[in-house]
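Morning, everyone. Have the sequence and the fold open in front of you, and I'll walk through a few places in turn.

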Amino acid sequence: MLDPQLLRSDIEAVARRLAARPYALNAAAFAALDEQRKAVQSRTQELQAARNSSAKRVGQAKGRGEDVSALMAEAAQAGVELSGLEMKLQEIQDKVRDFLLDVPNLPHASVPEGKGAEDNLEMRRIGTPRTFGFAPQDHTDLGATLGQMDFETATKIAGSRFVVMKGPLARLHRAIAQFMLDVHTAEHGYTEVYVPYLVNADSMRGTGQLPKFEEDLFAVPRGDAGKFYLVPTAEVPVTNMVRDEIVPLEKLPLKFVCHSPCFRSEAGSYGKDTRGMIRQHQFDKVELVQISHPERSYEGLEALLGHAETILKRLELPYRVITLCTGDMGFSAAKTYDIEVWLPAQNAYREISSCSNFEAFQARRMQARFRNEKGRPELVHTLNGSGLAVGRTLVAIMENYQQADGSIEVPAALKPYMGGLEFIRAS
């Protein structure tokens with residue numbers, strides 16, 4: 001959530017920066033709300049001062065033995081008006097909050113302007129795509145040939161956009177996550193956490209999924225007429241660990257890594273990536289989260305990006321890094337790097353990780369703070385990135401390491417996690 005003071009000080013400048021996303025800020029609506037707030041707040045403060053003065057006069061009159069009934073009646077009347085104004089002020093402040101909850105984050109000055117993916121800025125390419133001596137198959141056909149990837153059974157069990165894996169391929173999927181966790185904890189300094197897969201609305205609101213993106217979530221009704229939400233990413237529960245907390249300065253940065261399933265309704269994606277594992281309702285991800293000092297969050301973003309890249313380098317998968325333009329960034333992000341891995345069957349790079357700095361946008365929603373060098377509470381900066389998406393990593397390995405006979409070579413980095421198995425062959 002943006003700082004309301006930022007809008008109050010120069011709303012036109014904020015509107016211009018948001019227009020690059022593009023987002024049309026309703027400056028007139030905010031100004032009208034803020035005028036109401038100022039008027040009610042001013043009158044509230046006047047009555048509060050009058051109440052305090054009245055209380056003092058009552059006390060003085062009582063001390064002189066005078067009749068205070070008129071003064072008491074005056075104070076009671078002011079109290080009734082004050083109570084009504086306080087309720088009105090709270091209603092207006094709630095409307096201001098609701099208005100701000102719908103406004104995206106401001107893009108960082110270094111983010112290139114653009115309308116969509118075609119305007120993203122490629123930063124670098126690592127690795128050379130393999131040249132095959134045969135026509136490479138996609139992961140769906142490879143999985144079917146192996147007899148270890150079954151979409152039909154998954155559809156029977158749950159519906160479309162799910163998969164059943166078995167045998168060595170299921171073990172490879174598990175090995176990928178274990179490998180990522182080991183690298184991030186042992187080499188990159190992250191603390192592994194296990195978190196709930198169901199969260200409350202406050203947690204979803206804290207990281208920006210609610211209220212704007214409720215249609216993308218899976219809600220689970222509760223007996224008390226409330227509801228849980230299945231996590232769309234471990235970012236939500238992990239980042240909310242610091243909600244309503246004040247982190248000691250010396251503890252920053254906090255660095256967490258979490259392996260979890262992720263659940264997304266994929267609303268609005270009908271017809272996109274319907275084949276295979278690229279876009280599913282349930283998938284696994286190893287998520288990196290950092291809670292940072294504001295002055296060092298962009299250093300943290302570069303480091304986090306490097307941590308995610310390390311996994312692809314160890315797996316010897318070709319990839320590229322791009323900076324998302326203003327029109328392609330997520331709602332809460334101030335700056336985002338995407339990592340895209342090469343998929344031979346698609347003859348294209350596809351996203352496997354997004355690494356973002358949200359600055360204080362999420363922290364303001366969560367009231368996640370630290371004590372600064374002067375001992376005063378200040379909002380932290382939050383960052384997160386996939387380190388990596390497990391299913392898409394499996395897809396990339398299958399397609400890049402496929403053999404002419406349909407078998408899959410196990411990357412060297414994963415062989416210790418596969419009991420020394422070198423090739424995955426048909427069951």
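Let me start with a term. A salt bridge here is a side-chain nitrogen of Lys or Arg within 4 Å of a carboxyl oxygen of Asp or Glu. Keep in mind that this is a predicted model.

So, which residue does Lys-212 form a salt bridge with? The partner is Asp-102, and the closest N and O atoms are 3.5 Å apart. That pair links distant parts of the chain. Lys-212 sits in the loop between helix 7 and strand 6, while Asp-102 sits in the loop between helix 3, residues 69-101, and strand 1, residues 121-126. The two are 110 residues apart. Lys-212 has 38% relative accessibility, so it counts as partly exposed. Asp-102 is partly exposed too, at 31%.

Next pair. Asp-141 forms a salt bridge with Arg-275, with the closest N and O atoms 2.6 Å apart. Asp-141 is in helix 4, residues 139-146. Arg-275 is in the loop between strand 9, 254-263, and strand 10, 282-292. The pair therefore ties together parts that are 134 residues apart in sequence. Buried or exposed? Asp-141 is partly exposed, with a relative accessible area of 34%. Arg-275 is partly exposed as well, at 45%.

There is also a network. Glu-122, Arg-125, Arg-320 and Glu-340 are joined into one by salt bridges that share partners.

Now a pair of neighbours in sequence: Arg-97 forms a salt bridge with Asp-98. Their closest N and O atoms are 2.9 Å apart. Arg-97 is partly exposed at 41% relative accessibility, and Asp-98 is partly exposed at 41%. How many salt bridges does the structure hold? The count is 22. As background, side chains of opposite charge can pair when their charged atoms come close.

On to strand 12, residues 335-343. How many of its residues are buried? The answer is 9 of its 9. Take the faces one at a time. On one side we have Lys-335, Tyr-337, Ile-339, Val-341 and Leu-343, all buried. On the other we have Thr-336, Asp-338, Glu-340 and Trp-342, again all buried. Both faces are covered, then. The general rule behind that split is that side chains in a regular strand alternate between the two faces of the sheet. And Glu-340, on the second of those faces, is a member of the salt-bridge network I mentioned.

What pairs with strand 12? Strand 11, residues 319-323, does so in the antiparallel sense over 5 bridges. In that pairing, Val-321 stands opposite Ile-339. Strand 13, residues 348-357, also pairs with strand 12 in the antiparallel sense, over 9 bridges. Here Val-341 stands opposite Arg-350. Strands 12 and 13 form a hairpin with 4 residues between them. Look at Asn-347 in the turn: its phi is positive, about 55°.

Another sheet now. Three strands form an open sheet in the order 8-14-15, and the pairing is mixed. Why is one side of strand 8 and of strand 15 left without a neighbour in the sheet? Strand 8, 246-247, and strand 15, 377-379, stand at the edges, each with a single partner strand. Strand 8 runs parallel to strand 14, residues 369-371, and 2 bridges join them. Ile-246 stands opposite Arg-369 in strand 14.

Back to the loop between helix 7, 201-207, and strand 6, 219-221, because Gln-209 lies there. Is Gln-209 buried or exposed? At 13% relative accessibility, Gln-209 counts as buried. The side chains of Gln-209 and Thr-207 are joined by a polar contact of 2.5 Å. Setting aside neighbours within four places in sequence, Gln-209 is in contact with several residues, among them Met-204, Leu-217, Pro-232 and Val-236.

Last, the overall layout. The protein is divided into domain 1, residues 26-101, and domain 2, residues 117-424. How far apart do their C-alpha centres lie? The separation is 50 Å. For one residue-level distance, take Asp-94, which lies in helix 3. Asp-94 is partly exposed at 27% relative accessibility. Its C-alpha atom is separated from that of Cys-355 by 32 Å, and the two residues are 261 apart along the chain.

That's my tour. Over to you.

Key:
Residues numbered from 1 in each chain as written. Predicted model: local features only at pLDDT ≥ 70, side-chain atom pairs only at ≥ 80, totals over all residues. Heavy atoms only, no water. Buried < 20%, exposed > 50% of the residue type's maximum accessible area, 1.4 Å probe, protein only. Pairing = 2+ DSSP bridges. Polar contact = N/O pair within 3.5 Å; in protein donor to acceptor, adjacent residues only side chain to side chain. Contact = heavy atoms within 4.5 Å. Domains from an automatic or database assignment.
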